Structure formats: structure tokens, C-alpha cells
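Reader: Hi! I'm new to protein structures and would like to learn how to read one, feature by feature. Could you guide me?

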Amino acid sequence: MRSLLNDEYFMFRALAEAQQAFEIGEVPVGAVAVKGTQIIGRAYNQVETLKDATAHAEILALTQAAAYLNDWRLDDVELFVTKEPCAMCAGACVNARVKRVVFGMADPRSGACGSSDLNVANYPGMLWQVEVKGGVLADECGALIKEFFRRVRERKLNKPS
């Protein structure tokens with residue numbers, strides 16, 4: 001069964017979450033937390049909606065997964081996210097003992113899972129190392145974010161003075 005439910009399958013589920021963020025004007029990042037073949041957490045960015053700087057898709061999906069398992073330890077959980085996690089989210093994955101993070105679009109400016117100089121997920125001093133795989137459906141994930149910010153710039157340019 002897992003062979004049919006591969007990394008691309010779960011990344012498409014994360015992309016569906018990101019699309020929901022896009023539709024409500026949030027930065028379109030989506031995440032799903034998976035144990036085995038079951039999605040146990042799903043979320044999209046809600047920073048603006050909740051007025052909460054920590055309401056990133058990853059954090060919300062990890063919180064759901066922990067509630068589902070009734071345990072903060074998520075060592076058998078994989079997190080699929082459309083954009084490389086930031087330092088806060090990568091740190092949450094380490095602290096929750098997530099088994100693996102799979103991301104779509106790399107974020108060399110503020111990603112913290114290997115595409116920049118900062119790699120929180122595999123920092124040698126941490127007590128837990130998170131396996132990381134990047135670039136899954138990167139074009140699709142990147143296209144959604146690029147379109148979002150294109151529209152943001154367009155609105156700013158067309159705003160009456």
C-alpha cells in the first residue's frame with residue numbers, strides 16, 4: 001500500500017492545503033503529517049487569519065498529529081510540506097522527534113533544512129536528527145508561491161495613492 005501512497009501522493013495532499021491558504025490570502029504553504037499510510041494532521045498557513053506568528057502550516061499539522069496520537073513524540077511521523085521549513089518549524093520537528101521531513105520548494109534565504117547555511121533539522125548539537133528530503137513536486141509548490149507573490153506585487157502597484 002505504501003508504494004501507491006508515495007512522497008508525491010502526500011505532497012499533493014500538502015499542495016491541496018496550500019491552495020486553501022492561497023484562496024484566503026495567506027502565504028500558500030501546506031503540510032500534512034503522516035504515520036504509515038494515514039494522514040493524522042493537515043494544515044495550511046494561518047498567520048494572518050489567527051494573528052499568530054507561530055501559525056505556520058507545519059506547526060499546526062504537528063499539533064494535530066500530537067493530539068491524534070496523544071503524545072508529543074512523533075518519531076514515527078513524516079511531515080510533508082510544500083516549502084522548506086523555517087528555523088522555528090524545523091526546530092519544532094526536531095523537538096517533536098519527527099522521523100522525516102519532505103519538502104517541495106527549497107528556501108535558500110530562510111529555510112532551515114539544508115538549502116541554506118542553517119540546517120536545524122540535522123544540526124550536530126541537537127539531541128534528535130530529522131531525515132530530510134527536498135525537491136518533491138518542487139515546480140508545482142514553487143509555482144503556487146510565485147503566483148501568490150506576483151498577485152501581492154500587482155495589488156501594491158495598482159493600489160490608488
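Author: Gladly! Keep in mind that this model is predicted. Let's start with the disulfides: the structure holds zero of them.

Reader: What is a disulfide, in general?

Author: It is a covalent bond between the sulfur atoms of two cysteines. To look for one, check how far apart the sulfur atoms lie, using a cut-off of 2.5 Å. Take Cys89: the nearest cysteine sulfur belongs to Cys86 and is 3.8 Å away, and Cys89 is in no disulfide.

Reader: Why is Cys141 without a bond to Cys113?

Author: Because the distance is too great: the sulfur of Cys141 lies 14 Å from that of Cys113, its closest cysteine sulfur, which is too far for a bond.

Reader: Are these cysteines buried or exposed: Cys89 and Cys141?

Author: Here the general idea is a cut-off: a residue is buried when its relative accessible area is under 20%. Cys89 is buried, because its relative accessibility is 0%. Cys141 has a value of 1%, so it counts as buried too.

Reader: Now the sheet, please. How do strands of a sheet pair?

Author: They pair through backbone hydrogen bonds, in either a parallel or an antiparallel way. In this model, five strands form an open sheet with mixed pairing, and their order is 2-1-3-4-5. Strand 2 (38–44) and strand 5 (131–133) are the edge strands, each pairing on one side only. On average, neighbouring strands of the sheet are turned by 15° against each other, ignoring direction.

Reader: Which helix packs on this sheet and touches strand 1?

Author: Helix 1, residues 7–23, does. Besides strand 1, helix 1 touches strand 2, strand 3, strand 4 and strand 5, and its direction makes about 140° with that of strand 1. Look also for helix 5 (residues 138–157), which lies across strand 3 and strand 4 and runs at about 60° to strand 4.

Reader: Let's walk along the sheet. How do strand 1 and strand 2 pair, parallel or antiparallel?

Author: They are antiparallel, with six bridges between them. One pair to find is Lys35 with its bridge partner Gln38 in strand 2. The two strands form a hairpin with two residues between them, and in the turn Gly36 has a positive phi of about 70°.

Reader: Is Gly36 buried or partly exposed?

Author: Gly36 counts as partly exposed, because its relative accessibility is 42%. Residues separated along the chain can also be compared by distance in space: Gly36 and Val77 are 41 residues apart in sequence, while their C-alpha atoms are 7.6 Å apart.

Reader: What joins strand 1 to strand 3?

Author: Five bridges do, and strand 1 (residues 30–35) and strand 3 run antiparallel. You can follow this pairing at Lys35, which stands opposite Val77, and at Ala31, which faces Val81. As for cover, five of the six residues of strand 1 are buried, and in strand 3 (residues 77–83) seven of seven are.

Reader: And how many bridges join strand 3 to strand 4?

Author: Five, and this time strand 3 and strand 4 (residues 100–105) run parallel. The path between them goes by way of helix 4 (residues 87–95), and strand 3, helix 4 and strand 4 make a right-handed β-α-β unit.

Reader: Which residue in strand 4 stands opposite Glu78?

Author: That is Arg100. The side chains of Glu78 and Arg100 are also joined by a polar contact of 2.7 Å. Glu78 belongs to strand 3, and at 9% relative accessibility it counts as buried.

Reader: How do strand 4 and strand 5 pair?

Author: In the parallel sense, over three bridges. Val102, for instance, has Lys133 in strand 5 as its bridge partner.

Reader: Where is Asp107?

Author: Asp107 sits in the loop between strand 4 and strand 5. Because its relative accessible area is 12%, Asp107 is buried. Leaving out residues up to four places away in sequence, Asp107 touches Lys83, Glu84 and Ser115.

Methods. Residues numbered from 1 in each chain as written. Predicted model: local features only at pLDDT ≥ 70, side-chain atom pairs only at ≥ 80, totals over all residues. Heavy atoms only, no water. Buried < 20%, exposed > 50% of the residue type's maximum accessible area, 1.4 Å probe, protein only. Helix = DSSP H or I, 4+ residues; strand = E, 2+ residues; numbered from the N terminus. Pairing = 2+ DSSP bridges. Right-handed = clockwise from strand over helix to strand, strands pointing away. Axes fitted to C-alpha atoms, helices over the stretch in contact; angles between N-to-C directions. Contact = heavy atoms within 4.5 Å. Polar contact = N/O pair within 3.5 Å; in protein donor to acceptor, adjacent residues only side chain to side chain.
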